[in-house]
Each structure stands twice: as structure tokens, then as C-alpha cells.
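Q: Please take a close look at one loop of this chain and at what lies on either side of it. Then follow the strands and rings from there into the rest of the fold, in one connected account.

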Amino acid sequence: MSLQMVSAVSNSSLLQPGFSLLNFDGHVFFFGQKGWPKRSCPTGVFFLDIKQNELKMKPAFFSKDSCYLPPLRYPALCTLRGNAKSDEHEYIIHGGKTPNNDLSDKIYIISLVSKNSKKTTFQCIEKDLGGDIPEARYGHTINVVHSRGKSMSVVFGGRSYTPLAQRTTEKWNSVVDCLPSVFLIDFEFGCCTSYILPELQDGLSFHVSVARNDTIYILGGHSLQNNTRSPNLYKLKVDLPLGSPAVTCTILPGGISVSSAIVTQTSDTEFVLVGGYQYDNQKRLACNTIVLEDNKIQIVERASPDWTPDIKHCRMWFGCDMGKGSVLLGIPGANKQLISDANYFYILRCKGAEEDKEEELTAQICSQTSTEDPGDSTPFEDSEEFCFSTEANSFDVDDTDTYNEDDEEDESETGYWITCSASCNIDINTWVPFYSTELNKPAMILCSNGGGHWVHAQCMDLSESMLLRLSEANVKYFCNEHVDLNKGLQTPKKVVHLKKQPMKPLRRKIAMKLTTPTKKSFLRRLFE
């Protein structure tokens, strides 16, 4: 195993715990940035270009028939292939947490449409499901199983918010483990079915799952209810006959107590387990090899890489699988750095030297999300305000090769607790959530008047449906005080037409100079 440091170029603040990596045709793409996408890259998906130990991000695009995909962190992610031998595949993305700390219950299918040296285009489709739909969650897993010529997706674990009726203002962001139900999703018919198994008693999140054929193995994970990392190893077997599916669970010995570990696949039957946490503040520096053969699993400890002193002594780390035995790891930067949220990044290669050279030539392949677990202590940090892209199509890939944070507007002067208008009554001491997407900060929207300024959506009397519509539309918004100044939005004043035609100026002037008797006689002859 070899460890190599890479330097992030001008975009390290976007790579935060909870990101995911996608791979298409040997190219790795970054998904799940910190904050909402901005006009420089409205999709929030970047090509991860690593050359000469430098990491650069190049914006990717979505086709016109794609749906909106928010930047989800800690989602469940897996590949969906047309058949076992096909290299072409799509990605399933389920759940996750938005920058507003809203949890998603949607499921997306993302596929590659076209790619050249200057532009990469994806298609993203939201799948409509019926039946026992999994509730919104994050920190869970999704896998695809194959049985009797059929395939289904399996969702398990994760965390969700405390039910709305049980929340208080002081504990609005409290989370709980989801029920340990197993969900089977049939994409062909768009239906979901949940199963309650007696072997699964406690909810799990940030666990590891590996699948082969009709079997899924679940390893580790953290339980909020017991504040423990499960030592159990669960074996889920899914049988797909012509009738109803059958799901069974078996508890096996040889599990590992770890959460937020990363798994990378090195061969058809071999995986490597790296990273994670043994306890809340203790990283797990040991590595393991997982072998799946003949419906059996074998987990053995393997030699660990030569961890650097920075990795050994840091309190937290995070990362994601890059495919074919490669893992992207991140650790917090030193406090003396000018950018407070900058991170250091490493590429860990779990194969031999010869395979590593081949890997560098063919680039990184495959992807499976795994993240650091901040949910154990502070599950809802880094909340970002609504950031509406008013010029989503203004980015020209021919003019700009990489994403540059310096091109973005400085949001450090934008506060949530501003006085946005004369009638603003948002107070940090008395504010309570108004929209369903709000949890600990009020939603804001950018007024396009002048240089632009932020106002509270609630003070502008925006309904939630209108707020979401404006966030997805490529239109400009003007607040209540500036809407009349915008041409095209101002309603023309109503002109009142006189019923009688006024006298001509010359006749009116002559009539005013006449004496009263003469005036009456003149006017009588004038209108006869």
C-alpha cells in the first residue's frame, strides 16, 4: 500500500466530509460540494483531474432533459449495470443532506451522455416510487443484488430527524437512527417493499456494505441509541422468485467495530477496508482485506500504509473510494493556514507497485461513497443559505478551464440576521423555522437590484412553493422594495379617459375674455 499527497488547486473548501465520487469511462467526478452550486458550475458536479500531484476541478453539465440535482452529502450511492458483463453503468443516488440541512427522500439515476476534452454532459432522472418508500435519511447504504435473472436495490440504515411533532426549538436539529428495516426497490415497476427482520434490532448508520450476487454483507456502523459501534457482521440474502421476494438475515462472527470506514474493490472477489473510527475521537488506522467467494466472507488484517505524522495525529479524517484499490483521503489543514476550512488530501493505493503503475495509466475507475461521521457529535454543521443561480447558463467552458473560487462573490459579509427591509422582524433570539427547508437559519433570496443584496424569504411574503420555484428557475428576483424599479415588472398606471372632449385652447382663451352676458351668448352659439 502506498500513500501519496496531492495539492488541491484553489477549490479545497468545496471538498468537505460527506462528498461522493462517481466514475464513468475511467474518469472520476466529484459530487456533494459544500454549499449550493453557484453560477460558475450550476450542476455542482466536477471532473476530478489529478495530474502531477495536483488536483483540479472542471465543471460538468447536465442535459436539457435532466432534473435538478441538489448537492447531497452523505447519500447512499452504488452502480447499476445493464448486465454483469457490461462496462456501461449508471449511478443510483438516494437520500443525503442538502446545504440547508434538509434531508432528501428522493432517488436519482445519473448517467453519462457525452464527454470530450472540454465538456462533460450528464443526464439525471428522478425516479418515482410507490409502496413502502424509505423516509428521508443520510449515512445509509444502497446495493444492487441479482437473483434468478432479476435485480433489485436494497436500502438499509441511516439517520433521520426526530419526528416533527417531537421537536422543540432548542432541539430542532436532533436526529435519530432510522428503524432497522430493509427496503427492496424494484426499478422496473417503481415499487418499494420494507422488511422487518428479527436479527436486526438496532438502527445503524455510517456502516459498510459489500454485495455479490444475491448477498449483502453489512459491517460495523454506529448506533445513536446505544452509542456503540456494532461488532456484528450481518449477511442479507435476497431471493427473487416469480412470486414475492424473500429476505433472510444471518449474524456471522468476525465483525469489526468501526464506523465511517471506506471500502475499495481491488478485484472481482476482493475488497480493502480502510479508515473509519473505533471510538468517537479515535481513528482506526488498521486495514483489512475482505474476500467474497462461494457465498462466504473472509476478513483478515493486512499491512497498513506508512501513515504520515499529520494523519496519525489529526482528530478526524474523511474520504471516498476512487476505484480499483484507490482511495481519496482528506484531513483538516493546520490552524495557521489562511483558509480556515482548507484540507490536505492524499491518495491511498492498495495494490502492488506494478498494478499502481497500470492504475495511473488507466486513471481511476469505480466509486462507492463513504464518509467521516460528524453525526456522532455535531451532525448539522456547515449550514449554507439559499444560493439561487440566476445565470445558470452563463458559464462558458471554453473560456474557463477550471473552477475558480476567486470568481465567486464574497459571501462573508452576508449574514442571516440582517435587517433586510423596513418591515423585517427576523430576530436571532425569537426566530423559529418557517419553511420546511429551514432548520437553524432563515432562508434568504438574492435581490438582483443594483449590485444585489440578500433578503429574508419570509419577510418578502414568499410561499414555500414560490421560493422553491425561484431557486430552480433561471430568472432574476426583485425584493418588495425594488420590484417597482425593475422595468418589465412594473404595472402601467391606469389612464382615466374624459367623457367630453375639452375645448380647444384658442376658443377657451376667447371665452375667458368675454363678459358674462356676452359669454353666455357666445357659448350658446358655439355649441349649437
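**From one loop outward**

A: Ser40 lies in the loop between E3 and strand E4 (45-51), and everything said about it here refers to a predicted model. With a relative accessible area of 13%, Ser40 counts as buried, because the cut-off for that class is under 20%. Ser40 and Pro59 stand 7.9 Å apart in space, taken from C-alpha to C-alpha, although 19 residues separate them in sequence.

The strands on both sides of this loop, E3 and E4, belong to an open sheet of 8 strands with mixed pairing, whose order is E2-E3-E4-E5-E1-E32-E31-E30. The edges of this sheet are formed by E2 and strand E30 (318-323), each of which pairs on one side only. From one strand to the next, the twist of the sheet averages 35°. At the E2 edge, 5 bridges join E2 to E3, and these two strands run antiparallel; within this pairing, Phe24 stands opposite His27 in E3.

The aromatic residues lead on from E3. By the ring-centre rule, the count of aromatic pairs comes to 14. One of them is formed by Phe19 and Phe30, whose ring centres are 5.7 Å apart and whose planes stand at 40°, so the pair is classed as tilted. Phe19 sits in the loop between strand E1 (2-8) and strand E2 (20-24), whereas Phe30 is in strand E3 (residues 27-31); the two are 11 residues apart, and the pair links distant parts of the chain. Phe19 and Phe30 are both buried.

Another aromatic pair, that of Tyr138 and Phe206, is edge-to-face, with 6.0 Å from centre to centre and 75° between the planes. Tyr138 lies in the loop between strand E11 (130-131) and strand E12 (141-147), while Phe206 lies in the loop between strand E17 (191-196) and strand E18 (208-212), so this pair ties together parts that are 68 residues apart in sequence. Tyr138 counts as buried at 1% relative accessibility, and Phe206 counts as buried at 5%. Tyr138 also has a charged residue over its ring: Lys97 lies over the face of Tyr138, at 5.2 Å from the ring centre. Back with the first pair, Phe19 and Phe30 join Phe46, Phe318 and Phe345 in one aromatic cluster.

The loop that holds Tyr138 is bounded by strand E12, and E12 has 6 of its 7 residues buried, so it is largely enclosed by the rest of the structure. E12 is joined by 7 bridges to strand E13 (residues 150-156), and the two strands run antiparallel. In this pairing, Ile142 stands opposite Val155 in E13. The hairpin of E12 and E13 has 2 residues between the strands, and Arg148 in this hairpin takes a positive phi near 55°.

A further sheet can be set beside the one that contains E3 and E4. An open sheet of 4 strands has the order E24-E25-E28-E29, and its pairing is antiparallel. Its edge strands, which each pair on one side only, are strand E24 (262-265) and strand E29 (296-302). Neighbouring strands of this 4-stranded sheet are turned against each other by 25° on average, direction ignored. Strand E28 (residues 287-293) is joined to E29 by 7 bridges, with the two running antiparallel, and the bridge partner of Val291 in E29 is Gln298. A second case of a lysine placed over a ring is that of Lys283, which lies over the face of Trp317 at 5.7 Å from the ring centre.

Finally, the chain as a whole gives the setting for these details. The protein chain has 5 helices and 34 strands. Of its 528 residues, 49% are buried, and Ser40, Phe19 and Phe30 are among the residues in that class. Among contacts between residues at least 6 apart in sequence, 60% join residues that are at least 24 apart. The protein chain exposes about 26,800 Å², of which carbon and sulfur atoms supply 49%.

Terms used
Residues are numbered from 1 along each chain as its sequence is written. This is a predicted model: local features need pLDDT of at least 70, side-chain atom pairs count only at pLDDT 80 or more; totals for chains, interfaces and linings use all residues. Side-chain values use heavy atoms; hydrogens and water are left out. Two strands pair if DSSP finds at least two bridges between them. Axes are lines fitted to C-alpha atoms, for helices over the stretch in contact, and angles run from 0 to 180 degrees between N-to-C directions. Rings of Phe, Tyr and Trp (its six-membered ring) pair if their centres lie within 6.5 Å; planes under 30 degrees apart count as stacked, over 60 as edge-to-face and the rest as tilted. Buried means under 20% relative accessible area, exposed over 50%, partly exposed in between (1.4 Å probe, protein chains only). A charge sits over a ring if NZ of Lys or CZ of Arg is within 6 Å of the ring centre and within 35 degrees of the ring normal. Contact means heavy atoms within 4.5 Å. Accessible areas come from the Shrake-Rupley method with a 1.4 Å probe; for residues, only the protein chains shown count as cover.
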